[in-house]
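Work through the exercises below with the sequence and the coordinates at hand. Each task is followed by a solution in steps.

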Amino acid sequence: MKSQFPNQNQNGETSKVIYDRAVKVLTGGVSRNTIFRNPHPYYAASANGSYIKDIDGIERLDFANNMASLIHGHSHPTIINAVTSQLQKGTAFTMGSEVEVSFAELLTSRSPEFEKIRFMNSGTEAVMTMIKISRAFTGKPKIAKAEGAYHGTYDYAEMSQTANPDNWGEIDKPNAVPVVQGTPQGVMDDVIIYPFNDIERTINLLDQNADQIACVLIDPIPHRVGLFPATNEFVKAIYNWTRKHNALMVFDEVVTYRVNYSGAQKSYTAKPDLTALGKIIGGGFAIGAVAGKSEIMQVLDPRQTFLRHPHSGTFSANPISTTAGRIAMEMYDEQAVLNLNALTKIARKQIEESIKIADIPVSITGVGSMFRLHFKEKAPTSYREAYQTKETKEIINDLIDYLFFEENIIMINTCSCMFATTLTQKNVDRLSEALLNGFNLVKPKIEQLNLTL
Ligand SMILES: Cc1ncc(COP(=O)(O)O)c(C=O)c1O
């Protein structure tokens, strides 16, 4: 679909020219489908704090922060200095490095649930390893995950991430819908899809597979489900069920770790056995980690005579990612978390005001330093409610394109913002003003579609 807002930049050719080269060598011209946009992606030249300049010379205010991974914005000088110094000393060794230990000490000190930790290279790898640890520990094959939740691209974890009304089936027993053509039937058979926050249905589904479930995977504030939190009752019910059935309750906090000094799990009375981490803990570099109970993490321990889960990775715990991560997380201390959450709360209030002024059916969900806009009068409480129809997606695309091309603002294409500590009140004012302009622009289309849901 061609954008309604063609490139306004006189020199816009440049990104186009690069894209013309890109399509000849990269599938679809991209290495990451997320960055694709019509008519072509734009190429970053440099970035600093909360601003990114593209190679066409346009500077934009960034509320996406590389999909929630840059908690201190771009090129933070303290991180850059530490990484530059480490670069001179080596980037990866077939040896350990002290920084992996001090970083592990820092992360385990933030959360009592993190008795032991192991590093890897991405959130996908962290979730995959967490699931494999659960199988190795319990000796059982199946997992349960929420319909619509995104956990990266491991076959089992991605099931039903893109489920739609044509294939999602009955809510009492949601279908396990593969994302990728050719996913083996065995994968579908070994994933139980549960409706997020629906205790009765979820427990019923778990009961039907009671003796085969290794773990119940929960993202406590799943972005793709709708960015609303799991209720304490839901988490408690899952926890109690797992205690009865020799299964683990595991959290994906790859995104949500940011919302609290010790992650979203701080808000729940029942705590996960294992947690997958990623994104912000890499300080802008590739990383993943699994943390949790020593007794369970022991399946990875090379000192065991019976090693249940041999685990390695060429770049795991490399000193660049761990140096950047350690500095980033040191700076993201209790006060920094509170300040960032407070600024985000102000932003939400101002955007609510813009919604009111524009008089359009938009609601906001989110926790801490992240929020998502829904083109629905009432905030959704389930994946099926939050699901965007083709028409809604079109309106959202118009708004995101308008912000990008006309207001020089970058938001995540689900209509979400993931804040960074470099953002200021002035930036927030810009966002709420720009959104008001955008809301006014898409309003006729909303009215035409009579979006009142
Ligand atoms: C909740 C969640 N888990 C896991 C992942 C996968 O992380 P990565 O992209 O680093 O593989 C993501 C990525 O967006 C995510 O949002």
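**Exercise 1. Salt bridges**

The model is a predicted one. Asp172, Asp198 and Arg201 are joined in a network of salt bridges. Task: find the distance between the closest N and O atoms of arginine 201 and aspartate 198, and classify arginine 201 by accessibility.

Solution. Step one: the closest N and O atoms of arginine 201 and aspartate 198 are 2.7 Å apart. Step two: a salt bridge requires such atoms within 4 Å, and the pair is indeed a salt bridge. Step three: arginine 201 has a relative accessibility of 31%, so the residue counts as partly exposed. By the same rule the model has 13 salt bridges.

**Exercise 2. Two further pairs**

Task: for the salt bridge between arginine 303 and aspartate 301, state which residue is buried and which is exposed.

Solution. Step one: the side chains of arginine 303 and aspartate 301 meet at 2.8 Å, N to O. Step two: buried means under 20% relative accessible area and exposed means over 50%. Step three: aspartate 301, at 13%, is therefore buried, and arginine 303, at 71%, is exposed.

Task: locate the partners of the salt bridge between glutamate 407 and arginine 430.

Solution. Step one: the closest N and O atoms of glutamate 407 and arginine 430 lie 3.2 Å apart. Step two: the pair links distant parts of the chain, with glutamate 407 in the loop between helix H14 (390-406) and strand E13 (409-410), and arginine 430 in helix H15, 23 residues apart. Step three: glutamate 407 is buried at 11%, while arginine 430 is partly exposed at 30%.

**Exercise 3. A buried arginine**

Task: arginine 372 lies in strand E12 (residues 370-374); determine which side chain of opposite charge is nearest and what backbone atom the arginine reaches.

Solution. Step one: the nearest side chain of opposite charge is aspartate 219, 11 Å away. Step two: a salt bridge needs 4 Å or less, so arginine 372, although buried, has none. Step three: the side chain of arginine 372 reaches the backbone oxygen of histidine 223 at 2.8 Å. Step four: contacts of arginine 372 beyond four places in sequence include His223, Arg224, Gln388 and Cys415.

**Exercise 4. Helix H12**

Task: compare the span of helix H12 (residues 334-358) with the expected value, and find what its buried residues pack against.

Solution. Step one: H12 has 25 residues and reaches 36 Å from its first C-alpha to its last, close to the 36 Å expected. Step two: among its buried residues are Leu340, Leu343, Arg348 and Ile351. Step three: the buried residues of H12 pack against helix H4 (98-110), helix H11 (319-331), strand E11 (363-367), E12 and helix H15 (425-449). Step four: H12 is followed by aspartate 359, with a positive phi near 55 degrees.

**Exercise 5. A four-stranded sheet**

Task: give the strand order of the open sheet of four strands and identify its edges.

Solution. Step one: the order is E1-E2-E3-E13, with mixed pairing. Step two: strand E1 (44-48) and E13 each have a single partner strand, so they stand at the edges with one side lacking a neighbour in the sheet. Step three: strand E2 (residues 51-54) and strand E3 (residues 59-62) run antiparallel and are joined by three bridges. Step four: tyrosine 51 has leucine 61 in E3 as its bridge partner.

Technical notes:
Residues numbered from 1 in each chain as written. Predicted model: local features only at pLDDT ≥ 70, side-chain atom pairs only at ≥ 80, totals over all residues. Heavy atoms only, no water. Helix = DSSP H or I, 4+ residues; strand = E, 2+ residues; numbered from the N terminus. Buried < 20%, exposed > 50% of the residue type's maximum accessible area, 1.4 Å probe, protein only. Lys, Arg positive; Asp, Glu negative; His and termini not counted. Polar contact = N/O pair within 3.5 Å; in protein donor to acceptor, adjacent residues only side chain to side chain. Contact = heavy atoms within 4.5 Å. Expected span 1.5 Å × (residues − 1). Pairing = 2+ DSSP bridges.
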